[in-house]
Amino acid sequence: MTSGAAAAPAHNSRYVFDFSEGGMEMKDLLGGKGANLAEMTRMGLPVPPGFTISTEACRYYLQAGDPPPDLVNQVRSALTRLEVATGRGLGSATNPLLISVRSGAKFSMPGMMETVLDIGLNDDTVGAVAALAGDDHFAWDSYRRLIQMFSKTVLGLDSELFEVRLEQAVAAAGISSDVELPVPSLQQLVSDYRGIVREQTGEDFPQDPHRQLMMAILAVFESWNTERARLYRRQERIPHDLGTAVNVQMMVFGNLGHGSGTGVAFTRDPASGAKGVYGDYLPDAQGEDVVAGIRNTLPLAALRDLDADNYEKLSDIMAQLEEHYRDLCDIEFTIEQGHLWMLQTRVGKRTAAAAFRIAEQLVQEGRIDLDEALRRVTGAQLGQLMFPQFDLSGGVDLLTTGMGASPGAAAGHVVFDSATAVAAEADGRDVILVRRETNPDDLAGMVAAVGVLTSRGGKTSHAAVVARGMGKTAVCGAEELEIDYEARSLTLPDGRVIAEDDVVSIDGTSGRVYAGALPVEPSAVVKYFDAGLDAANDRADEPTRELVRAVDTIMRHADRVRRLTVRANADTPDDAARARRMGAGGIGLCRTEHMFLGERKEIVQRLILAANDQEREDALAELLPLQRKDFIRILERMDGLPVTIRLLDPPLHEFLPDLTDLSVRVALAEQGGTDAESELALLAAVRRHHEQNPMLGLRGVRLGLVLPGLFALQVRAIAEAACFRQRLGGDPRAEIMIPLVGSVQELELIIDEASEVLKSVAERNHCALEFPIGTMIELPRAALTAAQIAEAAEFFSFGTNDLTQTTWGFSRDDVEANFFSAYLERGVFGVSPFESIDVAGVGRLVQMACDEGRAVRPDLHLGVCGEHGGDPESVHFFHDAGLDYVSCSPFRVPVARLEAARAVLTTDAGSDTR
Ligand code: PEP
Ligand code: MG
């Protein structure tokens, strides 16, 4: 995403803006809090007066190490205006002004940066504050709070020093809490605190309020870069170069007796999205007390009884804010001795369900149109609504945390191999398949299991990709687990052992693994996509019905708006059918490798081991009818829609036994004197095909060129399947895709061979086979020579998994578990490039290939079928790059449909997808 940050700040900029000068459109400069305070001021709402120091000043300070030269003057002028507006003076011994200094970045970072309250208190003003409030306790308690907060935040002292002293004072007074401290104790505490400051810094606590103010402002600037703030930004994908604004505002006090109090409120329920005002109120308290949860709050409705007038006023203001912002607002307010003050408002955060419900309510109420409703929800939120979730309310026993590789919630008995999983499922038992890592042999077990847990591999490991494709929950790379296949157990770092058959629960979103079976809540939204509105509404409560209705309304609009087609990656008839129900406009990637597994593996082994042409042709002839049947069924499910079938991609050794296992078996057989002849032949073949880097070895198009007849067989099976479907009156639309092409010559050789086959099948069967033949672009060389490749290819489909692997030189099976956490922590990238497209590098290759390919062949059809096709931010990129379609796993299809529409409405790609 783009930061929206201005270029390097100029020296003569204006850095300080009164609240009366700004507005909500100025978030870049004034931060969210400042812009909204200005907006409320502009609306004529009761906002304590103040001013905002811009993010530009912060950026200047962080770059230069000094504040901008004119900042002090500008702050002084603004302060003078504030003094005039309030009729009080900062540091005045008769009518003192107290101010707060608060951070406020463009994007909300709750609690991450600093705040200093009660600035203006010192030995001279404390008495006047007491007299004005009629409350000595209040004045001295505020003074000691100022010293404590200032020391920690501005002077960087250990807060423990002050806490200990406070506890001692409470103990000495023989009371239970610091709110009861008598005034003399508070006065003593102020004196002690000042002693601590002197001892620790060698200087007195600053008595000059102007100095207090400037020091606090700079401390807030610096808090932009604390460890926790940086961590938060990384998680939330907030750019590090924005800086924070600083809001300086007249203090108002909710802790001045019974006519005072403070509260927070929402204009609708941010958790469920239900209509109606929600909030909490705390009489005779400061805002910090509400946030800290020190005292139990009252529901907002209680304010009606306590102070009907202000309750009315507040309700009116909330209605005005909703009307004005046309969205759910959250607010903070304080009542100071009967006077209502608005301290903050912003468009409130909400859960995924609330986002959809509120967007639809606002459309119904005529406040926003459907385009705006689309902007208000995200694909990530839709994704959350589609997966079942654990109900964690009953307490949990967390065993370990891995990578949330395929979202969802699953609980079942632990099993360690595919066969046991299949048998257990046949017995009607839910199982979690636990493996160090999975390979194609584990497919049956993965299908049978309710979830998959691995100790190795990342988000694009076999387990993750396959599980996501199936919509099956998976946690990968849970490295703390020691899996012992022999003992059929796994061991945790603390020595605890989970044996086969024990029950665990895995959360594929958070990556957490729990002991025992946690209750699971199914998703009505998935039922809606999978089986329609009626099925989703069946036995659902009203909020759920409203949610499903909202999803339905917004998705229908998304389909009208989007330009990108969304296809699915699907390799079985069931997946194809589900993809279609989920709204896929075809298949963008049908991987054919799984069609060579199971009982067919033995035929493939004969193909690989064939001693002569005859043996090879026999094996191919046996595979042909099986492949044909596969394609007939998929083309039938996707009748009338394009189905891109990719010819075989993985290295041959994946179809052969493991080298070490086989060597041991042969050695044992030889030792025992048994006949090992056939095993020996197999071993020789396995050795022949063994590669150090199979991902860079004999796979994809290379295999098609080296193993005679293999690709021709697949093309023949596709062609014959299509003829069969045509004869039945169907409309098969196969597209043939060649993987791992690096040069146009490779592609041309395969196209020549395929065209021959298509021609002969068409002639023999009297049918028309005008299938496009295209290629994956998944190697940098393919992208760099796209202009040449486009001479031969009728379409490009970007294989961004391999393209990311080969552009970065990252092994997609290893790096995520090995060192990505360090890279993310150290800010090399904000998100794994296997998850969200690396726009600057891999994205540049994609854009280049699109442009250069289309320059040669203007009608070149362009798509993407790597995992990025279902990632919200990447979908925006592919829209902007001019692709025709994205293809993703069936479960991601609705998310991609939604984001494809949002991409049309967002000119600044990716900026609004968080
Ligand atoms: C890719 O590389 O992006 C791709 C879709 O192919 P696979 O994941 O099967 O290598
Ligand atoms: Mg690939």
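In the protein chain, 68% of the contacts with a separation of 6 or more are made by residues 24 or more positions apart. The model is a predicted one. Its protein chain contains 37 helices and 31 strands, and the C-alpha trace spans about 105 × 65 × 55 Å along the principal axes. Of the 914 residues, 55% count as buried.

Two separate nonpolar cores were examined. The largest nonpolar core comprises 137 residues, and those with the most contacts inside it are Phe 356, Leu 382, Ile 738, Leu 769, Phe 796, Phe 798 and Leu 883. Helix α28, formed by residues 710–727, gives the most to this core, contributing eleven residues. Another core, of 64 residues, lies apart from it and includes Ala 130, Val 154, Leu 166 and Ala 219. In soluble globular proteins, nonpolar side chains tend to be buried together. The surroundings of Phe 798 were also listed. When residues up to four places away in sequence are not counted, Phe 798 touches Ile 777, Val 846, Ala 849, Cys 850, Leu 862, Gly 863, Val 864, Cys 865, Gly 866 and Leu 883.

The magnesium ion (ligand 2) has as its protein donors Glu 778, through OE, and Asp 802, through OD, at 2.0 to 2.2 Å. These donors link distant parts of the chain, being 24 residues apart: Glu 778 belongs to the loop between β28 (773–777) and α30 (780–784), whereas Asp 802 is part of helix α32 (residues 800–808). Both Glu 778 and Asp 802 are buried.

Helix α32 also packs against helix α35 (residues 842–856), at an angle of about 115° and with the two axes 10 Å apart. The crossing of α32 with α35 is right-handed. On the α32 side the contact is made by Leu 803, Thr 804, Thr 807 and Trp 808, and on the α35 side by Val 842, Leu 845 and Val 846. Classified by residue type, this contact has five nonpolar and two polar residues, with no charged residue. Val 846 of α35 is also among the residues touched by Phe 798, which is one of the residues with the most contacts inside the largest nonpolar core.

A further acidic residue, Asp 575, is located in helix α22 (residues 573–581). Asp 575 has a relative accessible area of 15% and is therefore buried, the cut-off being under 20%. The C-alpha atom of Asp 575 is separated by 9.0 Å from that of Ile 634, although the two residues are 59 residues apart along the chain.

Definitions and conventions: Residues numbered from 1 in each chain as written. Chains lettered and ligands numbered in written order. Predicted model: local features only at pLDDT ≥ 70, side-chain atom pairs only at ≥ 80, totals over all residues. Heavy atoms only, no water. Donors = N, O, S within 2.8 Å, 3.2 Å for Na, K, Ca; no water. Helix = DSSP H or I, 4+ residues; strand = E, 2+ residues; numbered from the N terminus. Buried < 20%, exposed > 50% of the residue type's maximum accessible area, 1.4 Å probe, protein only. Axes fitted to C-alpha atoms, helices over the stretch in contact; angles between N-to-C directions. Left-handed = near helix turned anticlockwise from the far one by under 90°. Contact = heavy atoms within 4.5 Å. Nonpolar A, V, L, I, M, F, W, Y, C, P; charged D, E, K, R; others polar. Core = buried A, V, L, I, M, F, W, Y, C linked by side-chain atoms within 4.5 Å.
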